[in-house]
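Colleague: I would like a close look at a single part of this protein. Please start from one loop and then work inwards to whatever lies in the middle.

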Amino acid sequence: MDLDPHKIYMRMALRQAQAAFDEGEVPTGCAIIRISPDKPSGMGTLIGSAHNQVELLKDPTAHAEIIAITQASNAIGDWRLTDTVLYVTKEPCPMCAGAIVSQGFQSWSLAWPIRNAVAQARFSTLRTIPVATTGARSCKAS
Ligand SMILES: [Zn+2]
């Protein structure tokens with residue numbers, strides 16, 4: 001069993017993506033982890049986990065990242081998500097990219113390389129962290 005925390009958390013996001021697919025949504029999943037200084041490196045507490053719910057909620061903003069960010073903010077009682085890591089299964093759209101950059105995440109992890117030029121530009125200020133899963137790309141806020 002692989003205990004790499006980045007892989008564990010990306011699997012959580014991938015399970016959310018599977019749930020979205022099963023519900024006929026765009027299969028995107030997201031997990032947000034609050035890093036705990038008293039736990040081993042990279043380990044933390046899940047404070048947000050969601051999948052796309054655009055069709056269910058009839059809400060064009062109900063993307064996995066936005067829902068998970070709202071959950072995480074509610075969980076810690078602060079909109080600033082410092083000391084947290086965001087895991088998402090696909091390249092964020094411009095709306096979500098903007099939200100991710102503005103939330104102050106310590107780092108974030110993406111299952112696939114960024115192809116969208118807008119997202120690339122938005123995330124150009126982020127630093128990389130260890131790869132989360134095979135073929136994954138990870139970034140860390142600078
Ligand atoms: Zn989005």
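**From a loop to the core**

Modeller: Lys58 sits in the loop that links helix H2 (54–57) to helix H3 (64–76). The model is a predicted one, and the values below should be taken with that in mind. The phi of Lys58 is near 50 degrees, which is positive, and the residue is not a glycine. Most residues other than glycine have a negative phi. Lys58 counts as exposed, because 8 other C-beta atoms lie within 10 Å and the cut-off for exposed is 12 or fewer.

A second residue is like this. Asp83 is not a glycine either, yet its phi is positive, at about 65 degrees. Asp83 belongs to the loop between H3 and strand E3 (84–88). Its surroundings hold 15 C-beta neighbours inside 10 Å, so Asp83 is classed as partly exposed.

Now the interior. The largest nonpolar core has 24 residues, and those that touch the most other members are Ala13, Cys30, Ala31, Ile32, Ala68 and Tyr87. Two or more residues each come from helix H1 (5–22), strand E1 (29–35), H3, E3 and H4. H3 gives the largest share, six residues.

E1 deserves a longer look. Five of its seven residues are buried, so the strand is largely enclosed by the rest of the structure. E1 is joined to strand E2 (residues 44–51) by seven bridges, and the two run antiparallel. Within that pairing, Ala31 has Ser49 of E2 as its bridge partner. E1 is also joined to E3, by five bridges and again antiparallel. There, Ile33 is bridged to Val85 of E3.

Ile32 of the core shows what surrounds this strand. Apart from neighbours within four places in sequence, Ile32 is in contact with Ile47, Gly48, Ala68, Ile69, Ala72, Leu81, Thr84 and Leu86. Among these contacts is Ala68, which is itself one of the core residues that touch the most other members.

Helix H4 (residues 94–102) also gives residues to the core. In this helix, Cys96, Ala97 and Ile100 are buried. The three are on the same side of H4, because they cover an arc of only 105 degrees around the axis.

For the setting, the protein has five helices and six strands. Along the sequence they follow the pattern α-β-β-α-α-β-α-β-α-β-β. The protein has 142 residues, of which 39% count as buried. Of the contacts with a separation of 6 or more, 52% are between residues 24 or more positions apart.

Last, the matter of confidence. The mean pLDDT of the protein is 78, and 69% of the residues reach 70 or more. Confidence is highest in H2, at 97, and lowest in strand E6 (residues 137–141), at a mean of 43. Over residues 125–142 the pLDDT is below 50, although this stretch has 54 contacts in the model beyond near neighbours in sequence. Where pLDDT is low, the predicted coordinates should not be read in detail.

Terms used
Residues are numbered from 1 along each chain as its sequence is written. This is a predicted model: local features need pLDDT of at least 70, side-chain atom pairs count only at pLDDT 80 or more; totals for chains, interfaces and linings use all residues. A residue is buried if 20 or more other C-beta atoms lie within 10 Å of its own, exposed if 12 or fewer, and partly exposed in between; C-beta atoms are placed from the backbone. Helices (H or I, at least four residues) and strands (E, at least two) are DSSP runs, numbered from the N terminus. The arc is that of the directions from the helix axis to the C-beta atoms. A nonpolar core is a set of buried Ala, Val, Leu, Ile, Met, Phe, Trp, Tyr and Cys residues joined through C-beta atoms within 7 Å. Two residues are in contact if their C-beta atoms, placed from the backbone, lie within 7 Å. Two strands pair if DSSP finds at least two bridges between them. pLDDT is the predictor's confidence in each residue, from 0 to 100.
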